[in-house]
Protein chains: 2
Amino acid sequence: MNTSPPRSLRHAAGRPSPTLEDLALAAGVSRSTASRAINGGDRVSPAAQAAVDRAVVALGYIPNRAARSLVTRRTSSIALVIPEPDVRVMMDPFFAVVITGITEALRETDVQLVLLMSRTDDDSARTLRYLRGGHVDGAIVVSHHEADSWARSLAETGLPTIFIGRPWDMTFDVTYVDTDNVGGGKLAAQHLSGIGRRRLATVAGPADMTAAVDRLRGWKAGLAEAGLPEGPVVHADFTTDGAAAAARLLLAEHPDIDGIFAASDLMALGVMEAIQAAGKTVPGDIALMGYDNHAVAETASTPLTTITQPMVEMAVKAGSMLLEEIEAPGSHPEPVIYSTRLVERESTSVAPTASAANA
Amino acid sequence: MNTSPPRSLRHAAGRPSPTLEDLALAAGVSRSTASRAINGGDRVSPAAQAAVDRAVVALGYIPNRAARSLVTRRTSSIALVIPEPDVRVMMDPFFAVVITGITEALRETDVQLVLLMSRTDDDSARTLRYLRGGHVDGAIVVSHHEADSWARSLAETGLPTIFIGRPWDMTFDVTYVDTDNVGGGKLAAQHLSGIGRRRLATVAGPADMTAAVDRLRGWKAGLAEAGLPEGPVVHADFTTDGAAAAARLLLAEHPDIDGIFAASDLMALGVMEAIQAAGKTVPGDIALMGYDNHAVAETASTPLTTITQPMVEMAVKAGSMLLEEIEAPGSHPEPVIYSTRLVERESTSVAPTASAANA
DNA sequence: TTGTAGGCGTTATCAA
DNA sequence: TTGATAACGCCTACAA
């Protein structure tokens with residue numbers, strides 16, 4: 001097993017940065033006092049504190065993280081693990097939101113975010129090694145697919161970890177944040193049945209992703225509550241093209257459908273293509289719903305009714321929860337679930353609209 | 001000045017990980033031999049190497065980065081600096097591409113990517129401190145706005161740095177990668193004039209971003225080459241809504257325009273809105289071009305002719321260039337410019353098409 | 001080829 | 001409140 005750096009990095013020779021020793025000298029105190037002054041100023045006289053503060057700005061002193069980390073066993077950095085083999089999925093604004101939210105949570109901290117993308121199994125092994133190596137104080141995992149066993153792997157390391165999105169393997173009482181996908185799916189069923197549609201179908205997401213499964217579960221529950229039959233279910237891969245193909249089959253087999261719930265806005269776009277290709281209109285013939293309140297939902301030729309969820313808040317929460325768990329190890333915070341909300345647009349307006357002529 | 005961590009992170013107490021000492025003991029060699037065996041195996045006998053290798057797997061040994069970094073002065077990590085105050089801009093797939101590309105370049109390396117997003121001036125100061133602190137071996141800066149002075153700041157630190165996108169301040173002979181925005185703008189002018197459009201206008205990007213400025217420069221040059229007048233120029237902020245507003249003004253003032261070049265696909269969408277709101281058609285009345293070959297260009301109600309650029313390659317290149325510069329300090333690689341290519345779609349088809357009836 | 005010894009910059013312990 | 005002093009885990013001359 002090769003534990004050496006595949007490539008080494010040499011450092012550009014520059015003027016060496018001042019050390020704590022230099023700082024203490026300049027401030028006229030001992031290293032210990034300087035150290036204390038720098039770290040919160042516990043048990044240091046105002047005079048000494050002032051002298052050190054002055055020296056810090058004078059010298060442009062910046063503590064050496066490696067040295068500090070070596071003795072404190074803290075790295076002041078956390079990892080964001082993205083076990084996403086597919087580059088296209090990475091394009092999903094979701095990740096931008098997650099990164100932004102976590103960064104926001106870290107803002108008042110000196111904690112840095114290191115990005116761990118593992119696309120291959122090989123990557124995963126390296127990522128896990130990195131995580132176990134104590135190189136970060138905690139991790140946030142964007143959990144998606146059934147296959148990845150990050151939950152168990154990380155539970156075993158004891159590293160403080162927060163999952164964004166309910167992980168598959170719940171046997172390790174992992175801490176996570178999520179949106180109420182079940183509730184969102186139910187909202188969709190309630191809305192479509194509420195506007196009088198009766199022959200409903202859904203284009204669900206991949207069966208190996210919790211978000212997709214939960215939305216489907218909520219959808220079915222909502223239909224049952226409304227006294228409607230389950231109706232046809234087809235699965236697609238959260239992409240526009242995939243959904244278009246799935247919807248074509250769906251429409252061919254069930255030409256009388258009058259309402260479709262697509263489990264994502266991107267998929268709804270594909271479904272809309274298929275509907276129009278079949279010579280039907282939205283919402284005239286078929287009311288269509290998406291999910292996510294993605295930017296495209298608003299700009300679509302027929303703006304999409306969709307489900308919105310507080311993604312940024314969720315990501316911020318994940319960040320702050322991780323910080324808490326790092327500071328208070330052993331505290332196992334409860335999972336946090338954010339509720340979803342319906343956003344009505346033209347694609348489910350009760351009466352057929354002018355835009356239906358688009359078809 | 002407070003150089004202390006605003007919040008501290010304590011570590012969960014776990015079984016201490018094996019040290020080099022433990023490894024050496026288990027392998028029956030000295031620390032130095034173990035160290036050498038781990039780092040490339042220079043001057044170590046096959047027997048010793050084998051013993052160490054065995055011990056590594058047996059103990060699950062992982063080198064302590066902090067300790068290693070302390071003595072080697074290398075951190076095996078690089079920073080991606082995103083000086084982007086606007087969250088919405090972060091949603092641009094551009095960043096996903098950049099991150100993916102850099103990660104790809106780092107794949108065979110043990111170098112980690114740390115993300116430095118600085119939205120406020122305060123953030124910038126902290127980011128800069130982090131960079132100067134020697135906490136990373138190099139940095140990649142996504143350079144966008146005129147205001148940020150990262151080029152100078154980083155040049156002063158001597159930290160190996162690569163810019164993605166030509167920086168504004170070129171007085172410090174910074175190394176960068178970019179796409180040929182001038183060439184792309186020229187392509188647009190050539191194409192629109194080539195299909196017979198004569199009264200051309202452009203919705204340019206923000207005047208404080210090099211990409212926007214360069215595209216505009218190329219556009220003007222292309223018009224000149226084609227013997228056409230410069231035509232009207234309006235600026236927008238690379239968003240759909242902003243472009244829609246700008247285009248409304250443009251169309252009101254110049255009702256006879258028959259071709260528009262929007263400096264991004266997202267902006268082209270807004271322009272299309274404005275055109276249709278004005279009761280005109282694309283491409284019947286006005287041929288419309290975008291830029292970026294963004295996913296929306298293909299899915300737009302009238303698919304957009306646009307300019308494509310090898311963004312992933314560019315990002316990968318940035319990563320590998322940085323690694324090179326880190327390994328060979330002082331080598332100042334030449335900037336690399338990737339060429340762009342036209343992608344023809346319906347929005348500039350010569351003859352008016354059925355979709356023109358969309359209006 | 002191997003091992004010994006010293007030091008990287010910081011924090012933590014403990015006596016003053 | 002202060003300041004020696006000893007780690008922290010690793011690499012690297014240097015000597016063997």
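Start by selecting helix 9 (residues 181–194) and helix 10 (residues 210–225) of chain A; helices here are DSSP runs of H or I, at least four residues, numbered from the N terminus. Among the helix 9 residues that meet helix 10 of chain A are N181(A), G185(A), A189(A) and L192(A), and their partners include D214(A), G218(A), W219(A) and A221(A), where contact means heavy atoms within 4.5 Å.

This is a predicted model, with local features needing pLDDT of at least 70 and side-chain atom pairs pLDDT 80 or more, while totals for chains, interfaces and linings use all residues. Residues are numbered from 1 along each chain, chains are lettered from A and ligands numbered from 1 as written, and side-chain values use heavy atoms, without hydrogens or water.

Now look along the pair: the axes, lines fitted to C-alpha atoms over the stretch in contact, are 6 Å apart at an angle of about 40°. That makes helix 9 of chain A oblique to helix 10 of chain A.

Next, pick DNA strand D and show what surrounds it: 27 residues, each with a heavy atom within 4 Å. R36(A), S45(A), R73(A), L20(B) and Y61(B) are the closest.

Zoom in on R36(A): an N or O atom of its side chain sits 2.6 Å from a base nitrogen of strand D. Then hop to the phosphates, where a polar side-chain atom of S45(A) is 2.5 Å from a phosphate oxygen of strand D, and one of S35(B) is 3.0 Å from a phosphate oxygen.

Last stop: color helix 4 of chain B, which gives the most to the surface near strand D, with five residues.

Definitions and conventions:
Polar contact = N/O pair within 3.5 Å; in protein donor to acceptor, adjacent residues only side chain to side chain. Helix = DSSP H or I, 4+ residues; strand = E, 2+ residues; numbered from the N terminus. Axes fitted to C-alpha atoms, helices over the stretch in contact; angles between N-to-C directions. Parallel < 35°, antiparallel > 145°, perpendicular 65-115°, else oblique.
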